[in-house]
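Here are some notes for a colleague who has not seen this structure before. They deal with one helix and with a few charged side-chain pairs.

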Amino acid sequence: MSELQVSPVVRDLETQRLFWNEWAADCKKDLDSTSLRHREAVLQLLQALNVSRPSILEVGCANGWLSSALAQFGQVTGTDIADEAIAAAKAKHPQINFIAGDFLTLALPVEHFDVVVSVGVISCIEDQRRFLGRIAGLLKSRGYLILTCPHKFIWDRTDFPRRSHGEIPLDWLNMGDLKTLLRDRFSVLHTETVIPAGNRGILRLINSCRLNALIQRAMAEHYIVRLKEQMGLGKTLVVVARKRS
Ligand SMILES: C[S@@+](CC[C@H](N)C(=O)[O-])C[C@H]1O[C@@H](n2cnc3c(N)ncnc32)[C@H](O)[C@@H]1O
């Protein structure tokens, strides 16, 4: 009897481009609660950097929802491999400079940006060290990076519908992994986790409705959320780092 042949999933850049175009097309017009929280966290951190009229690069900007909010601080360039999402971003926000292509090879001015922002992208990049090296090369000396990434500890313990079947790299990180990757080129200034989540293992208990309803008799829900975030139980890692001179 012949063995069942399973053809390997192709993961070249063209496949990734198609995957991300489809993903972006399916994103609802209104931002979901996760994106809203990411935006709030990034804008607060950018504000706290106190850089006057920074030139900002957003890596993996999709349809430009965050780039358009970043534009209140300074000149923004948004990039993404999903060319159809970039076309939609350009149509909606003509004042912003959007460029489509693979970030690792895209023509961008070196040592030009004061701040690079990247939300949820590093986990979808095969060579994460090279990705951070590229960011460092585009930042001015002592420039800032605000980066978020899915938190592996939480996502490993969460049931969710999987969209990718191997067509894109998917490599979540824990905070220690991220700090190790960053330390070649950056000093880490700030770390936090946001959006408590997870429903398996220990997180099944920590996030159980019954337990949380009990705690809410003594403490407002937003304090509980904040507490879990401070305990490192958020589903998103958030880091502010500074390029070493
Ligand atoms: C999880 S999505 C996050 C999108 C957006 N930052 C957000 O939070 O809604 C990852 C994004 O990274 C982009 N991306 C993946 N690989 C890329 C690459 N090699 N170069 C540029 N962008 C890439 C995808 O097209 C996608 O928009």
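1. In this predicted model, E229 and R37 are both buried. Their side chains form a salt bridge, with an N to O distance of 3.1 Å. E229 belongs to helix α10 and R37 to helix α2, so the contact links distant parts of the chain, 192 residues apart. Buried here stands for a relative accessible area under 20%.

2. The pair is not isolated. Through salt bridges that share partners, R37, E40, R226 and E229 are joined into one network.

3. Which residues of α10 are buried? Helix α10 runs over residues 221–230, and its buried residues are I224, K228 and E229. These three lie on the same side of α10, because the arc they cover around the axis is only 135 degrees.

4. The other face of α10, turned away from the buried side, carries exposed residues: H222, Y223 and Q230. After the helix comes G232, which has a positive phi, near 80 degrees.

5. What do the buried residues of α10 pack against? The partners include two strands, β6 (186–196) and β7 (234–243). The helices α2 (33–49), α8 (202–206) and α9 (209–215) are also among them. Helix α2 thus appears twice in these notes, as a packing partner of α10 and as the helix that holds R37.

6. How many salt bridges does a search of the whole structure find? The count is 13. As general background, side chains of opposite charge can pair when their charged atoms come close. Two further examples, both involving helix α1, follow in the next points.

7. R17 and D83 meet through their side chains in a salt bridge of 3.0 Å, N to O. R17 sits in helix α1 (residues 13–26) and D83 in helix α4 (residues 83–92), so this pair ties together parts that are 66 residues apart in sequence. R17 is partly exposed, at a relative accessible area of 22%. D83 is also partly exposed, and its value is 30%.

8. A salt bridge also joins the side chains of E22 and R163, at 4.0 Å from N to O. This pair links distant parts of the chain: E22 is in helix α1, while R163 is in the loop between α6 (152–155) and α7 (175–182), 141 residues apart. Is E22 buried or exposed? E22 counts as exposed, with 54% relative accessibility. R163 is partly exposed, with a relative accessible area of 34%.

Definitions and conventions. Residues are numbered from 1 along each chain as its sequence is written. This is a predicted model: local features need pLDDT of at least 70, side-chain atom pairs count only at pLDDT 80 or more; totals for chains, interfaces and linings use all residues. Side-chain values use heavy atoms; hydrogens and water are left out. Buried means under 20% relative accessible area, exposed over 50%, partly exposed in between (1.4 Å probe, protein chains only). Helices (H or I, at least four residues) and strands (E, at least two) are DSSP runs, numbered from the N terminus. The arc is that of the directions from the helix axis to the C-beta atoms. Contact means heavy atoms within 4.5 Å.
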